[in-house]
Amino acid sequence: MNLRPYRLAVAVTIAGAALLAGCASNKGAPNTIYDFGAPSAQQSAPAQPAASLPPIVVMDATGGAVLDNERMVYRLNYADPLQARTYAGSRWSGTPLDLITRRLKVRLAQAGVTVLSATDAANRVPILRIEVDDFVHAFSSASASEGQILLRASVLADHRLVAQKSFAHNAPAPSQDAAGGVAALAAGTDRIALDLKNWLSTLDLQGK
């Protein structure tokens with residue numbers, strides 16, 4: 001009896017099982033989880049009190065489906081700017097929309113603004129709506145990248161639009177990896193929060 005075909009089949013089966021086991025092991029590898037970090041004490045002290053601003057309801061940020069999950073997105077603008085890629089081993093602790101909402105609320109509150117949630121909404125209380133158009137770690141080359149943020153802010157009072165403005169900020173990444181992208185996007189969000197507070201200070205939100 002020729003046992004060579006049988007032994008070959010067994011060897012192929014074992015090799016295939018080992019390959020599948022390796023793939024399963026890789027798929028089960030833990031992700032590195034990132035957020036924006038704790039707000040620093042230095043940034044918590046407002047440069048200018050926002051006493052002239054009335055309480056304001058800050059709604060949850062909205063945006064596209066790519067921002068409503070925990071995947072971290074990056075783009076190689078120097079190679080294929082139309083392709084959105086995701087970091088395989090890194091994730092956000094929540095959706096970018098959630099992270100942006102929480103950070104903006106914290107920064108506005110630290111700047112002296114009385115921040116209310118949607119459940120606190122009442123007549124004559126202005127409402128701030130945020131729509132995020134872009135939030136990505138963008139590479140201009142293999143050795144240079146930045147966190148790109150683009151959002152639109154709308155202020156409404158008594159069911160009417162008071163003002164609307166777009167805010168954009170590109171913050172350089174300290175490293176060309178997921179960690180560098182996180183640092184850049186966190187810094188960019190903080191900068192937009194400051195710009196947002198300054199813009200709100202120019203609006204007539206007192207209902208006079």
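**Exercises on a predicted model**

**Exercise 1.** Identify the bridge partner of Tyr74 in β5, and describe how β4 pairs with its neighbours.

*Solution.* In this predicted model, Tyr74 has Arg85 of β5 as its bridge partner. Strand β4 covers residues 71-76 and β5 covers residues 85-92; the two pair in the antiparallel sense over three bridges. Strand β4 is also joined by three bridges to β7 (residues 127-141), and here the strands run parallel. In that second pairing, Arg75 stands opposite Ala138 of β7.

**Exercise 2.** Determine whether the end-to-end span of helix α3 agrees with the value expected at 1.5 Å a residue.

*Solution.* Helix α3 runs over residues 96-110 and has 15 residues. The expected span is 1.5 Å times one less than the number of residues, and therefore α3 should span 21 Å. The end C-alpha atoms of α3 are 21 Å apart, which agrees. Buried residues of α3 include Pro96, Leu97, Ile100, Leu104 and Leu108. Just after the helix, Gly112 takes a positive phi of about 100°.

**Exercise 3.** Classify Gly188 as buried or exposed, and state which residues it touches beyond four places away in sequence.

*Solution.* Gly188 is placed in helix α4, residues 178-200. Its relative accessibility is 0%. Buried means under 20%, so Gly188 counts as buried. Leaving aside residues up to four places away in sequence, Gly188 touches Ile149, His169 and Ala171. A C-alpha separation of 9.4 Å is found between Gly188 and Glu146, which lie 42 residues apart along the chain.

Notes
Residues are numbered from 1 along each chain as its sequence is written. This is a predicted model: local features need pLDDT of at least 70, side-chain atom pairs count only at pLDDT 80 or more; totals for chains, interfaces and linings use all residues. Side-chain values use heavy atoms; hydrogens and water are left out. Helices (H or I, at least four residues) and strands (E, at least two) are DSSP runs, numbered from the N terminus. Buried means under 20% relative accessible area, exposed over 50%, partly exposed in between (1.4 Å probe, protein chains only). Contact means heavy atoms within 4.5 Å. Two strands pair if DSSP finds at least two bridges between them.
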